[in-house]
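The following report goes through selected local features of a structure, taking helices, strands, single residues and internal space in turn. The sequence and the model are shown first.

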Number of protein chains: 2
Amino acid sequence: MPHAYDELPRTPANFVPLSPLSYLARTAMIYPTRTAIIHGERHLSWQQTYARCRQFADQLTKLGIGKNDTVSTLLPNIPAMLEAHFAVPMTGAVLNTINTRLDANTIAFILQHAESKVLLVDPEFVPVAREALAQLSQAALEKDSAEQNNSEQSSSKQSIVVIDVADSEWQGADDRIGELEYESWIAQGNPEFDWQLPSDEWNAISLNYTSGTTGNPKGVVYHHRGAYLNAASNLLAWGMPPHSTYLWTLPLFHCNGWCFPWSMAANAGTSVCLRKVEPVKIFELIARYKVGYFCGAPIVHNMLINTPEHERVPVNHQVQAMVAGAAPPAAIIEGMARLGFNITHTYGLTETYGPAALCAKQDDWAALDIASQAERNSRQGVPYHLQDAMRVLDPQTMQPVPNDGQTLGEIMFRGNIVMKGYLKNPQATQEVFAGGWFHSGDLAVAHSDGYAKITDRSKDVIISGGENISSLEVEEALYRHPAILTAAVVAKPDDKWQEVPCAFVELKKGHEHTSIDELLAHCRQHLAKFKVPKDIIVSEIPKTSTGKLQKFVLRDWLKQGKTSA
Amino acid sequence: MPHAYDELPRTPANFVPLSPLSYLARTAMIYPTRTAIIHGERHLSWQQTYARCRQFADQLTKLGIGKNDTVSTLLPNIPAMLEAHFAVPMTGAVLNTINTRLDANTIAFILQHAESKVLLVDPEFVPVAREALAQLSQAALEKDSAEQNNSEQSSSKQSIVVIDVADSEWQGADDRIGELEYESWIAQGNPEFDWQLPSDEWNAISLNYTSGTTGNPKGVVYHHRGAYLNAASNLLAWGMPPHSTYLWTLPLFHCNGWCFPWSMAANAGTSVCLRKVEPVKIFELIARYKVGYFCGAPIVHNMLINTPEHERVPVNHQVQAMVAGAAPPAAIIEGMARLGFNITHTYGLTETYGPAALCAKQDDWAALDIASQAERNSRQGVPYHLQDAMRVLDPQTMQPVPNDGQTLGEIMFRGNIVMKGYLKNPQATQEVFAGGWFHSGDLAVAHSDGYAKITDRSKDVIISGGENISSLEVEEALYRHPAILTAAVVAKPDDKWQEVPCAFVELKKGHEHTSIDELLAHCRQHLAKFKVPKDIIVSEIPKTSTGKLQKFVLRDWLKQGKTSA
């Protein structure tokens with residue numbers, strides 16, 4: 001017989017699936033007239049936003065979209081993109097925000113793999129969308145042709161409804177491909193559409209493809225429970241007060257904007273849209289709307305730091321900036337601090353809903369000089385409030401490495417802010433969850449205070465004469481030189497040492513004449529001899545759409561014998 | 001075949017039961033040296049607190065305590081009480097914090113009903129505990145005697161291990177009954193005890209008995225999921241920044257201190273203990289430790305408001321005070337504002353983990369005069385951030401009442417911040433969850449902005465000549481008179497009108513000579529004629545241990561013909 005304590009079942013009164021959709025409904029009810037979204041001169045209240053999301057969801061439902069259907073987007077950070085974060089899951093469907101910087105090939109792969117039924121496209125991305133859709137049709141035709149003998153087989157042509165989002169702030173050509181235009185289409189929807197919470201909080205809410213440096217991207221599935229919890233966790237990590245104003249410097253297609261569309265609904269705050277990352281515009285919007293918060297990869301912060309003072313609109317209020325997406329060199333954290341922006345360094349991966357760890361600041365850091373503070377703050381740190389655990393484990397034994405700042409292990413996560421799994425890829429899912437932990441692939445040490453510090457991606461370690469060299473350490477040394485804008489260090493094959501470090505660097509404006517010898521001398525001053533790059537190559541460095549440096553391209557260049565730009 | 005999105009199961013890597021125990025482990029790891037608890041001159045860090053909780057849990061385990069065993073306490077707001085909120089659930093057991101103001105009869109009932117296996121007692125409550133335990137033995141003896149013919153029946157004597165908590169701040173007699181003393185007992189435990197999260201987030205974490213004005217109290221069971229979510233929700237409701245300092249004016253035995261022991265762990269903040277609610281001491285502690293936050297029933301706030309200025313230590317920083325536990329008259333909210341304390345009005349019941357709704361402030365209220373602000377703020381408002389819904393429903397049709405500020409309905413909750421159910425009382429559980437909503441028993445209207453406003457407890461409505469009179473409205477009118485300290489209005493049987501309102505009042509110091517006629521004239525000025533009390537009786541008003549006025553006692557007095565103190 002069950003114990004009396006166990007005889008009290010879940011009922012509709014005391015158990016409701018966790019879903020970020022609840023945040024929107026609550027905020028629209030309590031703060032109907034507060035501004036939810038600012039885009040150009042357009043202001044949308046929470047009531048309007050909720051009504052528009054319901055119209056959008058109603059229209060999707062009329063198209064036959066429902067549970068587990070995929071709705072894809074090729075959109076910048078505009079209202080329709082924020083609205084999709086609510087409208088799509090309201091129907092039970094799954095939101096797939098495609099990285100707008102991808103090529104047509106990859107987009108076609110994603111649309112096919114995700115079995116997308118709807119695609120929303122901004123005019124800026126119509127050309128690439130057109131190409132991707134054409135590829136998809138071509139592939140389907142070829143498939144049909146190959147299977148023509150099988151009469152029972154229906155046409156494999158994937159039918160995708162394309163919806164053009166004629167954004168008011170887009171200044172290019174009014175290129176369209178779809179039969180429907182977003183604004184007039186949703187206007188036909190019911191603003192009181194009776195949407196439902198998911199039947200289970202474990203249901204999929206979104207699908208984010210990894211930026212995969214090699215091979216096909218993997219489809220990372222998020223669920224309602226995780227999205228709900230990480231949205232709240234963002235607020236706790238920042239101690240974000242209600243009604244904060246947030247600027248969308250971070251692409252919404254990247255891990256659902258690190259879950260911030262949902263955080264801002266929970267916060268009853270204001271989202272300021274931004275089609276494109278332009279530093280001058282960013283300073284202008286921060287000043288105009290008293291923006292208190294923004295996020296971005298290190299490259300965004302780097303652009304702000306390197307904006308000449310005369311181009312910046314002065315900002316006289318406190319701004320909180322979150323940096324993640326790649327380990328930021330101490331120089332960037334230090335630079336932002338000098339700008340007067342308070343940096344919170346978070347860490348995570350697509351598989352952890354964006355940030356799932358933060359470098360929690362300690363009181364006694366305030367007494368340190370700014371460079372030492374930045375050094376402390378450049379670590380990946382500790383788990384997020386609502387993430388159960390992040391540890392540096394030996395991937396062989398699954399035991400924690402000692403907190404000695406030396407022993408290399410792999411960062412692993414466990415908790416509710418870890419993806420549901422990879423779509424249609426049970427093997428990869430099983431591998432990455434082996435031993436009951438999510439394996440991040442990031443190599444790290446644990447410091448004496450328990451904070452994790454990434455030394456490298458597994459594949460980025462340079463093994464030279466049997467010694468491991470952290471490419472990050474070499475990059476950090478380079479960043480300390482005043483001429484360096486960007487630095488990427490990779491392994492170069494070497495007959496004697498197997499591998500040697502090779503640096504690619506971009507120089508700041510006005511520093512174009514810095515000599516390689518000067519940079520090498522600087523490195524010798526800051527690094528052990530075996531870690532000093534054997535070559536330093538000045539060149540523009542290829543970046544992924546999320547601002548990560550594409551080291552695999554640099555390695556290809558080296559194989560092809562490239563030695564200068 | 002399941003859809004690909006549904007083929008991604010929960011694994012130990014991506015699913016961890018929600019439990020507030022995770023907050024403690026995380027904070028102890030990240031902020032080991034920060035102060036967790038202050039009690040007199042004693043300061044305990046989070047590392048120490050975590051170690052003590054693990055020792056405590058280890059010792060409980062050695063006593064055989066495990067899943068679903070009940071551990072009861074008769075403790076004031078001291079460190080052992082906070083520690084019990086973590087140590088007990090670490091073992092899988094259920095924490096039952098008994099209201100220390102209860103009589104021995106009721107305590108004996110609770111210990112028996114909860115099948116408590118351990119009781120922690122502060123010396124202040126040893127006399128009542130001794131009596132309760134004696135009653136329990138006596139009852140068991142009688143039961144055994146009655147069943148003596150049944151030889152297979154083992155003794156029904158409930159074996160309770162009693163642990164004395166010899167609190168350092170207790171200044172009375174060192175009275176003890178147990179075999180064990182808390183400090184020396186936990187010192188024998190393992191500070192690295194390997195506790196486990198609950199196997200299921202639906203497992204019971206605590207048991208809180210309602211203060212039940214009539215009949216036996218009901219045992220309200222909380223689960224780990226709800227405790228985790230409401231602890232986070234408290235932080236969001238207050239926009240509480242990390243590392244806040246919180247003063248324990250609210251009894252920890254009341255709804256687990258509204259879940260704030262767990263909130264403070266999530267916040268990595270500091271709890272300042274307080275054995276007894278003494279206004280002078282409260283002002284002193286607020287000033288000394290720069291306390292930023294405290295909670296309490298209206299009576300606590302009333303005491304602070306009525307503390308003469310020369311007895312108050314001046315407070316020069318912003319203090320946030322949360323009021324709940326009973327609908328606060330506008331006069332109290334206004335009084336606190338005049339004191340310079342910022343009031344957040346929350347609402348809830350034992351069944352909703354304490355506060356599960358708040359009167360969310362709107363920007364445009366700031367332009368109103370203080371009385372109008374207080375009036376807006378005296379409403380029960382809207383659901384908590386992580387509570388799914390609170391609505392005023394017609395209990396017959398279960399449809400929402402119109403937002404007209406007139407139509408009476410019942411406040412109902414739905415969501416994860418609703419109890420698991422009543423222990424060993426399936427009928428009451430079923431009744432209170434009827435129709436998929438938790439029925440609060442509070443009658444309310446919905447205002448045009450959707451905010452709920454309690455008009456009365458169902459049983460507190462006075463029905464006079466067919467008209468409903470809200471006792472609360474009459475009380476609010478009385479509170480507006482400068483002489484009134486406390487007011488309670490109840491129905492008095494009347495031959496002509498069936499019922500008439502009768503007021504019991506306490507007068508402020510220096511106002512003892514206010515005449516009944518003056519008070520009646522004041523009521524006639526502020527109330528419709530039929531709502532003016534037929535009698536006003538000056539008397540001390542009996543209160544429950546949580547500060548609620550015991551109207552059932554007043555009704556008894558009236559039946560017995562009482563007309564004055």
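## Helix α9 of chain B and the largest cavity

Directly after α9(B) comes B:Ala268, a residue with a positive phi, near 50°. The model is a predicted one, and the values given here are computed from it. The helix that precedes this residue is mostly covered, since eight of the eight residues of α9(B) count as buried, that is, under 20% relative accessible area. The buried residues of α9(B) are B:Phe260, B:Pro261, B:Trp262, B:Ser263, B:Met264, B:Ala265, B:Ala266 and B:Asn267.

The helix α9 (260-267) of chain B also takes part in enclosing internal space, for it supplies at least two residues of the lining of the largest cavity, as do α7 (224-238) of chain A and α7 (224-238) of chain B. The count of cavities of 30 Å³ or more comes to six, and the largest cavity holds about 90 Å³ of space. Its lining consists of 13 residues, and those that lie nearest the centre of the cavity are A:Leu235, A:Leu236, A:Gly239, B:Leu235 and B:Met240. Sorted by class, the lining of the largest cavity has nine nonpolar and four polar residues, with no charged residues.

## Two buried threonines of chain B

Two threonines of chain B are set side by side below, with their contacts given apart from neighbours within four places in sequence.

| Residue | Place | Relative accessible area | Contacts |
|---|---|---|---|
| B:Thr346 | strand β14 (residues 341-349) of chain B | 1% | B:Trp258, B:Met322, B:Val323, B:Ala324, B:Pro355, B:Ala357, B:Leu358 and B:Tyr384 |
| B:Thr307 | loop between α11 (298-305) and β13 (319-323) of chain B | 5% | B:Pro279, B:Phe283 and B:Arg312 |

B:Thr346 is classed as buried because its relative accessible area of 1% is under 20%, and B:Thr307, with 5%, is buried by the same cut-off. For B:Thr346 there is also a distance to B:Cys359, which is 13 residues away in sequence and lies 6.1 Å away in space, C-alpha to C-alpha.

## Strand β6 of chain B

Strand β6 (residues 161-164) of chain B is covered on both faces, with B:Val161 and B:Ile163 buried on one side and B:Val162 and B:Asp164 buried on the other. One pairing of β6(B) is with strand β5 (residues 116-121) of chain B, in the parallel sense and over four bridges, and here B:Leu120 stands opposite B:Ile163. Another pairing, likewise in the parallel sense, joins β6(B) to strand β7 (residues 180-181) of chain B over two bridges, where B:Asp164 stands opposite B:Glu181.

## A three-stranded sheet in chain A

In chain A, three strands form an open sheet of mixed pairing, in the order β24-β25-β26. The strands β24 (484-494) and β26 (535-538) of chain A each have a single partner strand and stand at the edges, so one side of each is left without a neighbour in the sheet. From one strand to the next, the twist averages 25°. Helix α15 (residues 471-479) of chain A packs on this sheet and touches β24, β25 and β26 of chain A, while its direction makes about 145° with that of β24(A). Strand β25 (residues 498-507) of chain A runs parallel to β26(A) and is joined to it by four bridges; within this pairing, A:Ala503 has A:Ile536 of β26(A) as its bridge partner.

Methods: Residues numbered from 1 in each chain as written. Chains lettered and ligands numbered in written order. Predicted model: local features only at pLDDT ≥ 70, side-chain atom pairs only at ≥ 80, totals over all residues. Heavy atoms only, no water. Pairing = 2+ DSSP bridges. Axes fitted to C-alpha atoms, helices over the stretch in contact; angles between N-to-C directions. Contact = heavy atoms within 4.5 Å. 1 Å grid on protein atoms, 1.4 Å probe; cavity = no way out; pocket = protein on both sides within 12 Å on 5 of 7 lines; lining within 4 Å. Points joined across faces, edges and corners; volume = space filled by probe spheres on them. Nonpolar A, V, L, I, M, F, W, Y, C, P; charged D, E, K, R; others polar. Buried < 20%, exposed > 50% of the residue type's maximum accessible area, 1.4 Å probe, protein only.
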